[in-house]
Amino acid sequence: MTSRLLACLVALPLTGCGVVAGTVVDTAEAIVTYPLKEWVFWGAYRYDNPWDEPWAPLPDTHDEGEWLVGVCLSGGGSRSAYFAACVLEALGRARIPGSHETWLDELDLISSVSGGSLAATYFVANRGRAGFPAERREFFQRMRQDMALDFELRALARILCGWGFPLAMTYYDRGDLMASVWDSNFFDDLTFGDLPPDGPTLLVNAACYRSGQRFVFTRQPLAELDGARLFDDLAGERLLTRGYGPGHAPLRAMSMETLGSSIARCPLSTGVVASAAVPNLLGPVRLRDRVRGRDVHLGDGGIYDNHGLETMVAALARRLERDPGKRAVVFVVDGTGFFDTEAEKAGDLETVADFSDRPVTIAWLRASSYAEPFFRRALASATAGPGGGEAPAITFVPISLYDDAGFRRRGDEDDDGLAERLRQLARRGTVGLVEDLNERLRAVGTRFSITDDDCSAIAAATPAIVRSALARYGPPAPPVEPQELTGR
């Protein structure tokens, strides 16, 4: 029996049972290194919230103005981070109808996931910060350069330079390693307490493995994300309530407030890496729940909602209930990517990484298929626009990297040579001659590295995509008195 068991263990990697083999290796490694981790290094890096400081509200001096403007930045690794930087720059050039301000000037909330969280946190933390360009064009030029860095190569370099030891001998893991890369490049150990109180509200989304809820890293009190009548009504409409445990809280968020742990002490990089912790590749982030005395593990926010849309709608619903005369606009920036089900090798899954990636991708597709129409219908029935009209209080403006109509110009419309430039970009860096930029963009992979040619293609396409989205989905201009547009 013993010899048969040993033979099976030896044969596991050869038969493709990578998950089982990985579990055996992980268990053996944990047993061998436990004394070092616990007794020699005193439990180093056991939790990603080692501080004992409890939750406390932080000041918020942001002026939300006449419009409530939100941006959802999707997951999708460096592809999504770079696209998000390009979209934010384009929104900084697009004026609100009937106003002298741009949509970026009026930005109130950013809800983000994974690669989108990297861009969102970078923008909120570094705009106006010493050492970063003050002029908007130069700031976004630097932001795009930073989002195009090869973070995977930098992480590998750290391992080769000695960081492999803490990875093997302490509770420090690949998620902490990537967080250190981001800190050294542009976060500089900043925490959520260091974010400017007058800036837009940052909502970084992860998924809680323990409860199946979304976990939001934010300075906002949890009451600003939960308890809206809209969400109470939606939760009450459930039919399959017996399929959940008694403690399940649908459409409810968790945060550092839930854990009784200070958000002011939490590094920005911890929130970003939790949001980006794709199973088996990064993380998970491990937090201590100081209220209940247990551990909480966080992974990729895309498992729950890869656009951060539910968190955004929840936050806006609370604000619109307090001020029902306001209107809100949400730009849903989609750089998520997908897999081609009709491709010749679509079903060729052979490695642990393949099988880890596919369930997460399916979860992204599933969430995106219902989220926006679900909330649009709910809001249309539950709220009304100013004056009790029929229009919903929130206008959604989808901005997709794969928006064909955004950059397809023909005939007289191609007066700036855009179509030809995009055709040239489509050919570069691609095997064969790809005339269709949409096909070119669909080939950009989901990693935390991106090629210069991919960046060039995304940067060239984004302005046309944003213009097209605003033209098709943008909200109508509010009534503005003539004198309000003069003398400025």
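**Notebook: aromatic pairs and one strand**

I looked up the ring contacts and found that the structure holds 17 aromatic pairs, where rings of Phe, Tyr and Trp (its six-membered ring) pair if their centres lie within 6.5 Å, with planes under 30 degrees apart counted as stacked, over 60 as edge-to-face and the rest as tilted. I note that this is a predicted model, in which local features need pLDDT of at least 70 and side-chain atom pairs count only at pLDDT 80 or more, while totals for chains, interfaces and linings use all residues. Residues are numbered from 1 along each chain as its sequence is written, and side-chain values use heavy atoms, with hydrogens and water left out.

I checked Tyr 122 and Phe 186, whose ring centres are 5.0 Å apart with planes at 75°, so the pair is edge-to-face. Tyr 122 lies in helix H4 (residues 115-126) and Phe 186 in helix H7 (residues 174-187), so the pair ties together parts 64 residues apart in sequence; helices (H or I, at least four residues) and strands (E, at least two) are DSSP runs, numbered from the N terminus. Tyr 122 is buried at 0% relative accessibility, buried meaning under 20% relative accessible area, exposed over 50% and partly exposed in between (1.4 Å probe, protein chains only).

I then turned to strand E7 (residues 294-300), where five of the seven residues are buried. Strand E6 (residues 285-289) runs antiparallel to E7 and is joined to E7 by five bridges, strands being paired if DSSP finds at least two bridges between them. Strand E3 (residues 201-208) also pairs with E7 in the antiparallel sense, over three bridges, and Ala 207 stands opposite Gly 299 in E7.
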